[in-house]
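Subject: The structure I promised you

Hi,

Here is the structure I said I would pass on. Have it open while you read, and my notes on what turned up follow below.

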Amino acid sequence: MFDFLLTGEAAPQGGGLGPILLLVLMFVVMYFLMIRPQKKQEQEAQKMRDGLQVGDEITTIGGIIGEIVSIKEETITIETSRAGTKIRFLKSAVRSVDVSAEDKKKAAEGNNN
C-alpha cells in the first residue's frame, strides 16, 4: 500500500472527489443541526415582537417585568410598578410575553360573570 515510500516513486494520484464530498456532507449536516434551527428561532422571536400589544405583560432580556403602555416603531414603554415607573426599551430587548392583553381581557370578563 505504501510501497512508494520504499521505492522512491511518486505517490498514487486520484481520489480527490472523496474529500470534497465529505466536506459538502459535513456542511449540510451542520446546516440542518445548527444554522436552520437558529434561523427558525429568530423568526419566531421576531414574530412575537411584531405582535406586541399595549397591555401585554412582558419580560425583557435583562429580567425586567412590566406592562406595555405604549408602542412606537422600534421602541416600547413599559410600566414596571404600581407607582407608575415607566421605562423605554427597544423591541429587540423583549424576551417573552408572559400574559397577553387578550388573555387579561378574557380573564377580566370571566370574573365579571
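How many salt bridges does the structure hold? The answer is 2, and I'll come back to both in a moment. Before that, please keep in mind that this is a predicted model.

**The overall layout**

The chain has 3 helices and 5 strands. If you walk along from the N terminus, the elements come in the order α-α-β-β-β-β-β-α. Of the 113 residues in the chain, 16% are buried. The chain exposes about 9100 Å², and 58% of that area comes from carbon and sulfur atoms. As for contacts between residues at least 6 apart in sequence, 39% of them join residues at least 24 apart.

**The salt bridges**

Back to those salt bridges. In general, side chains of opposite charge can pair when their charged atoms come close. One of the pairs here is Lys 104 with Glu 57, where the closest N and O atoms are 3.4 Å apart. Lys 104 sits in helix H3 (residues 101–112) and Glu 57 in strand E1 (residues 57–60), so this pair ties together parts that are 47 residues apart in sequence. The side chains of Glu 57 and Lys 104 are also joined by a polar contact of 3.4 Å.

Lys 104 has a salt bridge with Glu 67 as well, at 2.9 Å from N to O. This pair, too, links distant parts of the chain: Glu 67 belongs to strand E2 (residues 65–71) and Lys 104 to helix H3, and they are 37 residues apart. Since the salt bridges share partners, Glu 57, Glu 67 and Lys 104 end up in one network.

Are these residues buried or exposed? Somewhere in the middle: Lys 104 is partly exposed, with a relative accessible area of 26%. Glu 57 is partly exposed at 29%, and Glu 67 is partly exposed at 32%.

**More on Glu 57**

What else does Glu 57 touch? Leaving aside neighbours within four places in sequence, Glu 57 is in contact with Gly 66, Glu 67, Ser 96, Val 97, Asp 98, Val 99 and Lys 104. Take Asp 98 from that list: the C-alpha atoms of Glu 57 and Asp 98 are separated by 5.5 Å, though the two residues are 41 apart along the chain.

**The nonpolar core**

In soluble globular proteins, nonpolar side chains tend to be buried together. In this model, the largest nonpolar core has 8 residues: Leu 52, Ile 58, Ile 68, Ile 76, Ile 78, Phe 89, Ala 93 and Val 94. Try clicking on Ile 68. Not counting neighbours within four places in sequence, Ile 68 is in contact with Leu 52, Gln 53, Val 54, Gly 55, Asp 56, Ile 58, Ile 76, Thr 77 and Ile 78. Several names there may look familiar from the core, among them Leu 52 and Ile 58.

**Thr 77**

Thr 77 is in strand E3 (residues 75–79). Is Thr 77 buried or exposed? Thr 77 has a relative accessibility of 16%, so it counts as buried, the cut-off being under 20%. Setting aside residues up to four places away in sequence, Thr 77 touches Glu 67, Ile 68, Val 69, Ser 70, Lys 86, Ile 87 and Arg 88. Glu 67, in that list, is also a member of the salt-bridge network.

**The aromatic pair**

Finally, the structure holds 1 aromatic pair. Which way do the rings of Tyr 31 and Phe 32 face each other? Their centres are 5.3 Å apart and their planes lie at 80 degrees, so the pair is edge-to-face. Tyr 31 is partly exposed at 32% relative accessibility, and Phe 32 is partly exposed at 47%.

Happy exploring!

Terms used: Residues numbered from 1 in each chain as written. Predicted model: local features only at pLDDT ≥ 70, side-chain atom pairs only at ≥ 80, totals over all residues. Heavy atoms only, no water. Salt bridge = Lys/Arg side-chain N within 4 Å of Asp/Glu carboxyl O. Helix = DSSP H or I, 4+ residues; strand = E, 2+ residues; numbered from the N terminus. Buried < 20%, exposed > 50% of the residue type's maximum accessible area, 1.4 Å probe, protein only. Phe/Tyr/Trp six-rings, centres within 6.5 Å; stacked < 30°, edge-to-face > 60°. Contact = heavy atoms within 4.5 Å. Areas by Shrake-Rupley, 256 points an atom, 1.4 Å probe, with all protein chains shown as cover. Core = buried A, V, L, I, M, F, W, Y, C linked by side-chain atoms within 4.5 Å. Polar contact = N/O pair within 3.5 Å; in protein donor to acceptor, adjacent residues only side chain to side chain.
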